[in-house]
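Subject: Structure for you to look at

Dear colleague,

Here is the structure you will be working with. My notes on it follow below.

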Amino acid sequence: MGNTRHKKEVITNCRVSKNMLKPLKEAMAQWNPDPDSEWPEWADNIISVRALAYSPCGMMTRQGTSIEHKHAANELAMCQRLSSQAAKIMKGIPVTMSDEGDNEFVPFYICGTVGAKVPEKITEKYLRSAFGGIIHPRIDITIYAMKARGEWWDRFTSQDRTDHYEKGLRARKALVDWFHASKDLHSPTFVSMGLKGYAEPGFGSMFPQLSLAITKKGSLVGLCVCLAWT
C-alpha cells in the first residue's frame, strides 16, 4: 500500500535552494563586469546572477519569475539515482578538455513536470527553456551527439590520449556506454556553452559543460562541470 501511494505522489512544494545551484555557481561569478553591458546580469558570466534553483526538483528560473512545480515522486527519485550513477563513473576523473582548474563532473538533473511534452532530442531552444532563462542570451551553445567517435569524442579524450591516461579513457568510454545502455534515457547529448566565443568580453572564464539525456517523462539527467578557460 505504501509503495502504491509513493508512485502516485506528486511533489508541488519545491523550495529555492543554494545547494541545487552549486554545479553552475562558478559560471555566475562576475570578476570583471562590463559597466556598459547590455545585460547587467550577464556582464561577465554565462549564468545569470539572478538565477534561482529549486530543491528537490532541480528546476531553475530567474528572480521575479514564478514557475509551477508538479513532479512525480518516482520520477524525481529516478533523476537522483541516475545522476548519482553517472557521477560515480566519473568520480576522481578530471574534466581535462584544457581545463585550467581542478574540476570534475558532478550530478545534475532537472526533473520533468507532470503532463509536459517530452522532447525527442535536446536542442538549444529546449535547453534554454529548461534552464528557465538563466543562460546568457548571446552565448554560443554547441550540442553534440554523445558517441565514442567523431569530433566531440576526439576533443573529450584528447588530453587523456596525449597523457596516456588509460583510467580517464576507460571512464569516458564507460560514461558513453552507460548513457546508451540505460533503458530510462534517450538522446545522450554533450552540451558545451561558450567555448567558441570565450575570448569575447563579457563572457567570463567559466563555461558550463554538461552530459545529458532525457527520461521518458521529460527530465534532463546527467552531469555538469564548469570549465575554466582564461
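In which helix is the place of E75? E75 belongs to helix α3, which covers residues 73-90. Please keep in mind throughout that this is a predicted model.

E75 and its surroundings

E75 is buried, yet it has no salt bridge. The nearest side chain of opposite charge is that of K217, 5.0 Å away; a salt bridge needs the nitrogen and the carboxyl oxygen within 4 Å. What E75 does have is a polar contact, side chain to side chain, with T215 at 2.5 Å. Apart from neighbours within four places in sequence, the residues in contact with E75 are C111, T215, K217 and S219.

Salt bridges

There are seven salt bridges in the structure. One of them pairs the side chains of R81 and D184, with N and O 3.8 Å apart. R81 is in helix α3, while D184 is in the loop between α6 (166-181) and β8 (185-193), so this bridge ties together parts that are 103 residues apart in sequence. R81 is partly exposed, with a relative accessible area of 40%, whereas D184 counts as buried at 15%.

D184 also meets the side chain of K183 in a salt bridge, at 3.9 Å from N to O. K183 counts as exposed, its relative accessibility being 67%. Elsewhere, E41, R50 and R62 are joined into one network by salt bridges that share partners.

Another salt bridge is formed by D160 and R172, whose closest N and O atoms are 2.4 Å apart. It links distant parts of the chain, with D160 in helix α5 and R172 in helix α6, 12 residues apart. D160 and R172 are both buried. R172 has a further role in the picture: its charged end sits over the ring of F156, 5.1 Å from the ring centre.

Aromatic rings

That brings us to the rings. A search of the whole structure gives eight aromatic pairs. In the pair W152 and F156, the ring centres are 4.6 Å apart and the planes are at 20°, so the pair is stacked. Both residues lie in helix α5 (residues 150-163), four residues apart, which is about one turn of the helix. W152 counts as buried at 3% relative accessibility, and F156 is buried with a relative accessible area of 1%.

F156 has a second partner in W153: this pair is tilted, at 6.3 Å centre to centre with 55° between the planes. W153 and F156 are three residues apart in helix α5, so about one helical turn separates them. W153 is buried, as is F156. Ring pairs link W152, W153 and F156 with F105 and F190 into a cluster.

T61

One last residue to look at is T61, which lies in strand β4 (residues 60-62). T61 is buried, with a relative accessible area of 1%. Leaving out neighbours within four places in sequence, T61 is in contact with R50, A51, L52, Y54, I67, F131, G132 and I134. Among these contacts, R50 also appears above in the network with E41 and R62.

Where to start

If you open the model at F156, you will find the stacked pair with W152, the tilted pair with W153 and the charged end of R172 over the ring.

Best wishes

Definitions and conventions. Residues numbered from 1 in each chain as written. Predicted model: local features only at pLDDT ≥ 70, side-chain atom pairs only at ≥ 80, totals over all residues. Heavy atoms only, no water. Phe/Tyr/Trp six-rings, centres within 6.5 Å; stacked < 30°, edge-to-face > 60°. Helix = DSSP H or I, 4+ residues; strand = E, 2+ residues; numbered from the N terminus. Buried < 20%, exposed > 50% of the residue type's maximum accessible area, 1.4 Å probe, protein only. Lys NZ or Arg CZ within 6 Å of the ring centre and 35° of its normal. Lys, Arg positive; Asp, Glu negative; His and termini not counted. Polar contact = N/O pair within 3.5 Å; in protein donor to acceptor, adjacent residues only side chain to side chain. Contact = heavy atoms within 4.5 Å.
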